[in-house]
Amino acid sequence: MLKIKRLVYQGEDETVEFKRKIVHPEKVIKEVVAFANSKGGYLLVGVDDNQTIPGLKYPEEEDFIMQKAFRDLIRPKVDFDTHLIRLNEKRAVICYYIHPGQNKPYYAFEKKSHRYGKAFVRVKDRSIQASPEIRKILKFNNAPKDVQFSYGENESRLFRFLHDNGHITLPQFQEMTGLDYKPSSQILIQMVLANALKILPRESEDWYMAAE
C-alpha cells in the first residue's frame with residue numbers, strides 16, 4: 001500500500017499511468033505497449049488523474065477484462081505482474097507492472113481479428129505512436145551490435161545544422177540534403193545506432209540531436 005501511495009504521489013510520468021477504471025480496454029493497452037517498448041512501468045487502475053484513490057468496487061471483473069485485452073490485443077506477448085491492493089473491504093486498486101520488452105516493438109490492436117496494430121513509446125507522461133524509424137531502432141536494440149557510419153558531406157552539414165539549431169527532423173534533413181525519404185531515414189537511423197545521434201520521439205516529427 002505504501003508503494004502505491006508513493007507512485008500516486010509522484011504522479012504520472014515516464015513509468016507511471018493512472019486509470020480511474022477500465023471502460024475501453026482497447027484504448028488502455030496503448031499505455032501497456034508504450035511501457036513494454038520503453039523502460040517498463042506501472043499501470044494503476046482505480047486511481048484518478050487528480051491523484052485521488054477511489055479504488056474499484058469490482059476489481060476482479062476489471063482485472064479479467066484487462067488481462068483478456070493483454071492476451072488478445074497486444075503482439076507479441078508482454079511480460080507483466082499483477083497485484084491487487086485492498087483499500088478496505090469494498091474497494092481495491094489493481095497494479096500492473098509492465099516489464100521492459102525483450103522482443104520490441106510491441107503493437108496494440110483495436111480488435112483481435114485485426115492484422116495490423118500500432119506501436120507506442122512512452123515520452124514523459126504520454127504514450128505516443130512510434131514512427132517507422134523508432135520501430136526499426138527498437139527492433140535493432142533487441143540484439144544490439146556495433147554500428148558504424150560513413151562521415152561525408154551530408155553528415156558534416158547535419159552536425160553544423162545541429163550545432164546551430166539543436167535538433168533536426170527527417171523532413172528538414174531531406175530538404176537540406178536533397179535526398180529521398182528512404183536514404184535520409186537510413187542515414188539518421190544508422191547514426192542513432194552508432195550513438196552519434198539520439199532520437200526524441202514526438203507526436204508530429206521525431207527530433208534528432210547530437211549524442212552527448
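This is a guided tour of a predicted model, with a suggestion at each stop of what to select and a description of what is there.

**Stop one: a buried residue in a loop**

Begin by selecting I22, which sits in the loop between β1 (16-19) and α2 (25-37). With a relative accessible area of 9%, I22 is buried. To see what surrounds I22, add V28, V45, E62, I65 and M66 to the selection, since these are the residues it touches when those up to four places away in sequence are left out of the count. Then select L200 as well and look at the separation between the two C-alpha atoms, which is 30 Å for this pair that stands 178 residues apart along the chain.

**Stop two: aromatic rings**

Turn next to the aromatic side chains, among which five aromatic pairs are counted in this model. For one of them, select Y42 and Y97, whose rings form a tilted pair with 4.9 Å from centre to centre and 50 degrees between the planes. Because Y42 belongs to strand β2 (residues 41-45) and Y97 to strand β5 (residues 92-98), this pair ties together parts of the chain that are 55 residues apart in sequence. Are the two tyrosines buried or exposed, taking Y42 to begin with? Y42 has a relative accessibility of 18% and counts as buried, since the cut-off for that word is under 20%, whereas Y97, with a relative accessible area of 21%, is partly exposed.

Now select Y151 and F159, where the ring centres are 6.0 Å apart and the planes lie at 10 degrees, so that this pair is stacked. Y151 is exposed, with a relative accessible area of 53%, while F159 is partly exposed at 23%. Before leaving the rings, select F70, F80 and Y96 together, which ring pairs link into a cluster.

**Stop three: arginines over rings**

Select R75 and F109, and turn the view until the ring of F109 can be seen from the side: R75 lies over the face of that ring, at 3.8 Å from the ring centre. A second arrangement of this kind can be found by selecting R202 and W207, where R202 lies over the face of W207 at 3.9 Å from the ring centre.

**Stop four: cis peptide bonds**

Stay with R75 and extend the selection to P76, because the peptide bond that leads from R75 to P76 is cis, with omega near -15 degrees. P76 itself lies in the loop between β3 (74-75) and β4 (80-86). Then move on to K104 and P105, which are also joined by a cis peptide bond, in this case with omega near 0 degrees. The place of P105 is in the loop between β5 and β6 (107-108).

**Stop five: positive phi angles**

Which phi value does Q51 have? Phi of Q51 is near 70 degrees, which is a positive value in a residue other than glycine. Q51 is located in the loop between β2 and α3 (59-73), and at 36% relative accessibility it counts as partly exposed. Next select K124, which likewise is not a glycine and has a positive phi of about 55 degrees. K124 is found in the loop between β7 (120-123) and β8 (126-129), and its relative accessibility of 67% makes it count as exposed.

**Stop six: two helix pairs**

Select helix α4 (residues 132-140) together with helix α7 (residues 181-193), which pack at an angle of about 40 degrees with their axes 10 Å apart. That angle makes α4 oblique to α7, and the crossing in which α4 passes α7 is right-handed. To display the side chains of the contact, select P132, E133, K136, I137 and F140 on α4, and then Y181, S185, I189, V192 and L193 on α7.

End with helix α5 (residues 153-165) and helix α6 (residues 170-177), whose axes are 11 Å apart and which pack at an angle of about 125 degrees. These two helices, α5 and α6, are therefore oblique to each other, and their crossing is right-handed. The contact is made by N154, R157, L158 and F161 of α5, facing Q172, F173, M176 and T177 of α6.

Conventions
Residues numbered from 1 in each chain as written. Predicted model: local features only at pLDDT ≥ 70, side-chain atom pairs only at ≥ 80, totals over all residues. Heavy atoms only, no water. Phe/Tyr/Trp six-rings, centres within 6.5 Å; stacked < 30°, edge-to-face > 60°. Helix = DSSP H or I, 4+ residues; strand = E, 2+ residues; numbered from the N terminus. Buried < 20%, exposed > 50% of the residue type's maximum accessible area, 1.4 Å probe, protein only. Lys NZ or Arg CZ within 6 Å of the ring centre and 35° of its normal. Axes fitted to C-alpha atoms, helices over the stretch in contact; angles between N-to-C directions. Parallel < 35°, antiparallel > 145°, perpendicular 65-115°, else oblique. Left-handed = near helix turned anticlockwise from the far one by under 90°. Contact = heavy atoms within 4.5 Å.
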